[in-house]
Structure formats: C-alpha cells, structure tokens
Amino acid sequence: MFDWSHLNQVERSAVMTLLWRAAESRRADRLFTDKAAEEAAALFPPWPSSPLVRVFADIVSLRTSELDRRVSDAVAGGLQQIVIIGAGLDTRFTRLDLPSSAIVTELDSEAVNDLALKVLPKLPAVRREVALIPGGVTQALDKTSYNRNRPTLWIVEGVLEYLPGQLWKRLAAVITEHSAPRSRALITVLGDALPRLLAEDPTFPFPDLPSLTHIVSAVPSEWRSEVFTSARFREVPANAFSILSLSRSEPRAD
Ligand SMILES: C[S@@+](CC[C@H](N)C(=O)[O-])C[C@H]1O[C@@H](n2cnc3c(N)ncnc32)[C@H](O)[C@@H]1O
C-alpha cells in the first residue's frame with residue numbers, strides 16, 4: 001500500500017480523485033470505464049466514506065465524463081498540444097483514445113508528480129513537470145517542447161478551488177499569454193450548491209471558492225466563453241459545478 005500521509009491536504013485531493021474515478025469505473029451504471037485508475041487505486045488504502053464524500057465522488061464522476069467528451073472533441077478537431085494544470089493522478093489520456101501525434105504536458109507539485117510516476121502507467125506522449133501554480137507554469141513549459149505559436153488545449157480540472165485569494169486570475173493571465181489563436185481552455189468551477197453542502201460538513205478544505213459569475217466577468221477579452229452548469233445527478237444537487245469552455249478567436253484579418 002502507498003503511504004500518502006506525507007502529502008498536504010491539497011495534494012491528497014489528487015489521490016481522492018483517483019479513488020473516486022476507480023470506484024465509478026467499477027459501478028454497474030458507470031459513466032466511464034477507467035482500468036488505469038482501478039489498477040492504481042488498488043495500491044492505496046480505501047478512503048473513509050461519508051455522505052459528503054459520496055457526493056464529491058459523484059461530482060467527480062460527472063465532471064470527468066463531461067470533460068472527457070469535450071477533450072475528445074477538441075483533440076479530434078486538431079488540438080494536439082495539451083497542457084494539464086494540476087494534473088494530479090489524472091488518467092484521462094489512458095482512458096481516452098489519444099492520437100500518437102498528441103503531446104501532453106502535465107503540471108503539478110513535486111510530491112504529486114513523484115507519486116504519479118510510481119503508480120500510473122506511463123504514456124510515451126505524456127510528460128510531467130513540477131510547477132507551482134500559477135507562478136511556475138511558464139518556467140515549467142519552457143523546459144518542454146511547448147510551442148506557444150501552436151494552439152493549445154488547456155485542462156484545469158478541480159484546481160481553481162485550491163488556489164488561495166485571486167490566484168485564479170493570475171492563472172487566467174498565464175494561460176492567455178501562452179495561447180495562440182484557436183486555443184481552447186476547459187476549466188471546472190465549483191458551483192453555488194457547494195457552500196450549502198460544505199456548511200453541513202466542513203472537512204473539505206477550500207480556502208476560497210471563486211464564483212462562476214466573478215470568473216466569467218474576469219475572463220480576458222481574447223476569449224469567447226461558454227458555460228455548462230451541471231444538473232441534478234444521483235445525490236448531487238443541480239449547480240454543483242460548471243465547466244467554463246474558452247475558445248480563443250482567430251486574429252482579425254485587418
Ligand atoms: C482535486 S486534484 C485534481 C487533479 C486532476 N486535475 C484530476 O482531476 O484528477 C487538485 C490538484 O491540483 C494540484 N494543485 C493545487 N494547487 C496547486 C498549486 N498551487 N501548485 C501545483 N499544484 C497544485 C494538487 O497538487 C492536486 O494534484
């Protein structure tokens with residue numbers, strides 16, 4: 001069994017997310033199959049259950065399947081330079097059928113990256129770098145073959161809620177600075193239903209929950225935004241989370 005007692009609370013969320021995806025994959029009514037998550041999850045002791053843990057597990061399942069569809073469409077549409085911010089123990093690119101031409105860069109803390117290298121099957125196209133988000137993103141990408149003149153697909157799943165204060169604004173600025181025309185960004189934002197749930201059980205540590213309205217109003221003008229807001233699902237109330245889908249427009253011809 002892997003000892004993850006040395007991880008801090010934010011880093012532990014990466015293990016919890018992995019365990020929840022594995023649990024979804026084992027359900028008869030599953031939204032997706034994820035054998036890599038199942039195999040990796042078997043290396044960890046089970047996470048104690050509670051009503052709120054079960055709700056979060058369902059949020060992660062729904063969020064994962066909604067994002068999988070959008071990521072597959074974007075990759076099929078030609079976006080093959082992919083950067084995952086706060087990749088955690090993400091298994092998306094073993095779960096999805098990724099063309100061999102796609103180049104994936106995963107960024108996270110050193111502790112989570114070390115764990116990922118130990119427990120997840122390595123994909124040849126996936127590269128991991130250590131980055132403190134948002135300040136270390138540029139430096140980390142500079143170590144790779146990342147090309148800021150190519151359109152990029154950015155994935156920011158389950159991360160904003162862990163960034164204190166207004167750091168999400170700096171992350172938006174870093175992503176914008178590195179995004180060529182036709183880039184896309186898929187960003188998850190916890191919804192208004194969450195503070196009510198957390199009030200019942202404050203064991204989930206979110207230093208600041210930025211509101212979707214605030215985030216959308218601060219999106220740099222280079223982007224066109226679309227928002228998907230989750231409906232009721234299993235025990236999860238409506239508006240538990242949203243996916244903010246950003247598309248960077250072509251440069252003007254004039
Ligand atoms: C809930 S997990 C989500 C992981 C992954 N995106 C997924 O959906 O499975 C949040 C991840 O964000 C990372 N993270 C949060 N804040 C960070 C920061 N400031 N710098 C680096 N990583 C951070 C954590 O280490 C953790 O792996």
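**Exercise 1. Locate Asn 239 and say how exposed it is.**

*Solution.* Start with the place: Asn 239 sits in the loop between E6 and E7, where strands (E, at least two residues) and helices (H or I, at least four) are DSSP runs numbered from the N terminus. Next, look at the backbone: the phi of Asn 239 is positive, near 60°, in a residue other than glycine. Finally, count neighbours: Asn 239 has 16 C-beta neighbours inside 10 Å, so it counts as partly exposed. The cut-offs are 20 or more other C-beta atoms within 10 Å for buried, 12 or fewer for exposed, and partly exposed in between, with C-beta atoms placed from the backbone.

Two notes before we go on. Residues are numbered from 1 along each chain as its sequence is written. The model is predicted, so local features need pLDDT of at least 70 and side-chain atom pairs count only at pLDDT 80 or more, while totals for chains, interfaces and linings use all residues.

**Exercise 2. Do the same for Arg 234: which loop holds it, and is it buried or exposed?**

*Solution.* Arg 234 lies in the loop between strand E6 (223-229) and strand E7 (241-248). Its phi is positive, about 45°, although Arg 234 is not a glycine. With 12 C-beta neighbours inside 10 Å, Arg 234 counts as exposed. As background, most residues other than glycine have a negative phi, and most peptide bonds are trans.

**Exercise 3. Find where the cis peptide bond lies.**

*Solution.* The bond joins Ile 133 and Pro 134, with omega about 0°. Pro 134 itself belongs to the loop between strand E3 (126-130) and helix H6 (137-142).

**Exercise 4. Describe the surroundings of strand E1 (residues 81-85).**

*Solution.* First, burial: five of the five residues of E1 are buried, so the strand is largely enclosed by the rest of the structure. Second, directions: Gln 81, Val 83 and Ile 85 point one way, and Ile 82 and Ile 84 the other. In a regular strand the side chains alternate between the two faces of the sheet. Third, partners, where pairing requires at least two DSSP bridges between strands. E1 pairs in the parallel sense with strand E2 (residues 103-108) over five bridges, and with strand E4 (residues 152-156), also parallel, over four bridges. Gln 81 stands opposite Ile 103 in E2 and has Thr 152 as its bridge partner in E4.

**Exercise 5. Which residues have the most contacts inside the largest nonpolar core?**

*Solution.* A nonpolar core is a set of buried Ala, Val, Leu, Ile, Met, Phe, Trp, Tyr and Cys residues joined through C-beta atoms within 7 Å. The largest one has 62 residues, and Leu 18, Ile 85 and Leu 107 have the most contacts inside it. Helix H3 (residues 51-76) gives the most to this core, nine residues. Now take Ile 85: leaving out residues up to four places away in sequence, it touches Leu 107, Ile 133, Val 137, Trp 154, Val 156 and Val 159. Contact here means C-beta atoms, placed from the backbone, within 7 Å.

**Exercise 6. How many residues surround the ligand, and which are the closest?**

*Solution.* The shell has 19 residues, and the closest are Ser 13, Ala 14, Gly 86, Gly 88 and Gly 158. A residue is near if its C-beta atom, placed from the backbone, lies within 6 Å of the molecule. Helix H1 (residues 9-26) supplies the largest share of the shell, five residues.

Notes: Contact = placed C-beta atoms within 7 Å.
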